[in-house]
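Hi there,

Here is the structure I promised to send over. Have a look at it first, and then read on for my notes.

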Amino acid sequence: MKELVTKKRSLLKETEKLLNKQIEMEGRSSAHYLSMASWCEMKGYDNSADFLYNHSEEERMHMLKLIRYVNEAGGHALQPEITDIKHSFETLREVFEHILEHEIEVTKSINTIVDHCFMEKDFATFSFLQWYVTEQREEETIARRALELFDIIGEEGIGLWTIDQEIAKLEGQESAAQTMGGGEG
Ligand code: OFO
């Protein structure tokens, strides 16, 4: 009886593998954002740097949330090895293009795991992942808004300075969305 009470749930091996891949992806996101933040700071885009430093922390939280879930569900979450981080960018626009492409990939990955959990009737993990589904919608929206700034404002003259100022406001929108959605990051 004692064993039954203390025994953890057993996560399907395939689900554990997919979640570990996602842990690696979130860890990679955190490292990418940190690298982009550093580049922006070095170039003097201070608001973009702040936005990206904060976002790097959020991505680490996304990773930790998954690590805790996998272990709680009876699996073994693996600390990812992260290499091949891009450190240099041609332009500020390239940074935000990179972000949008990356977030689209993350969304696809989350959707694949959600689909898998539904097919396997792992409704607990399916439900846990809904937070990530909502989060990805917000992250893609913010990335698209950032890129729109380049088209609307233009990069000539004080354009880049103005874009950097507007990026600070995007951070405010992201925090507000998280507060309304009850998200943690
Ligand atoms: Fe974890 O949401 Fe971006 O990558």
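Below is what turned up when I went through it, starting with the whole chain and then moving to single residues.

Please keep in mind that this is a predicted model.

**The chain as a whole**

The protein chain has six helices and zero strands, so its elements read α-α-α-α-α-α from the N terminus on. It holds 185 residues, and 48% of them count as buried. Among the contacts with a separation of 6 or more, 78% are between residues 24 or more positions apart. The accessible surface comes to about 10400 Å², and carbon and sulfur atoms account for 54% of that.

**Helix α5**

This helix covers residues 123-153. Does its end-to-end distance agree or disagree with what its residue count predicts? It agrees: at 1.5 Å a residue, the 31 residues of α5 should span 45 Å, and the end C-alpha atoms are 45 Å apart. Even so, α5 bends by about 30° at L129. After the helix comes G154, with a positive phi near 85°.

**Aromatic pairs**

A search of the whole structure finds nine aromatic pairs. One of them is Y69 with F128: the ring centres are 4.0 Å apart and the planes are at 10°, so this pair is stacked. Y69 lies in helix α3 and F128 in helix α5, so the pair ties together parts that are 59 residues apart in sequence. Both residues are buried, Y69 at 9% relative accessibility and F128 at 16%.

Another pair is F118 with F123, where the centres are 6.0 Å apart and the planes are at 70°, so the pair is edge-to-face. Here F118 is partly exposed, with a relative accessible area of 47%, and F123 is partly exposed too, at 43%.

Going back to the stacked pair, Y69 and F128 also belong to one aromatic cluster, together with W131 and Y132.

**A buried histidine**

H102 sits in helix α4. Its relative accessibility is 13%, which is under the 20% cut-off, so H102 counts as buried. What does the side chain of H102 make a polar contact with? The partner is the side chain of S29, at 2.6 Å. Leaving aside residues up to four places away in sequence, H102 touches S29 and H32.

**Two loop residues with positive phi**

Two residues other than glycine are worth a look for their backbone angles: D84 has a positive phi near 55°, and K121 has one near 60°.

Where is D84 found? It is in the loop between α3 (46-72) and α4 (92-119). D84 is exposed because its relative accessible area, 72%, is over the 50% cut-off.

K121 is placed in the loop between α4 and α5. With 62% relative accessibility, K121 counts as exposed as well.

If you open the model, you could begin with Y69 and F128, the stacked pair, then go to H102 and its polar contact with S29, and finish in the loops at D84 and K121.

Happy to talk any of this through.

Best wishes

Methods:
Residues numbered from 1 in each chain as written. Predicted model: local features only at pLDDT ≥ 70, side-chain atom pairs only at ≥ 80, totals over all residues. Heavy atoms only, no water. Helix = DSSP H or I, 4+ residues; strand = E, 2+ residues; numbered from the N terminus. Buried < 20%, exposed > 50% of the residue type's maximum accessible area, 1.4 Å probe, protein only. Contact = heavy atoms within 4.5 Å. Areas by Shrake-Rupley, 256 points an atom, 1.4 Å probe, with all protein chains shown as cover. Polar contact = N/O pair within 3.5 Å; in protein donor to acceptor, adjacent residues only side chain to side chain. Expected span 1.5 Å × (residues − 1). Bend = angle between axes of the 7 residues up to and from the residue. Phe/Tyr/Trp six-rings, centres within 6.5 Å; stacked < 30°, edge-to-face > 60°.
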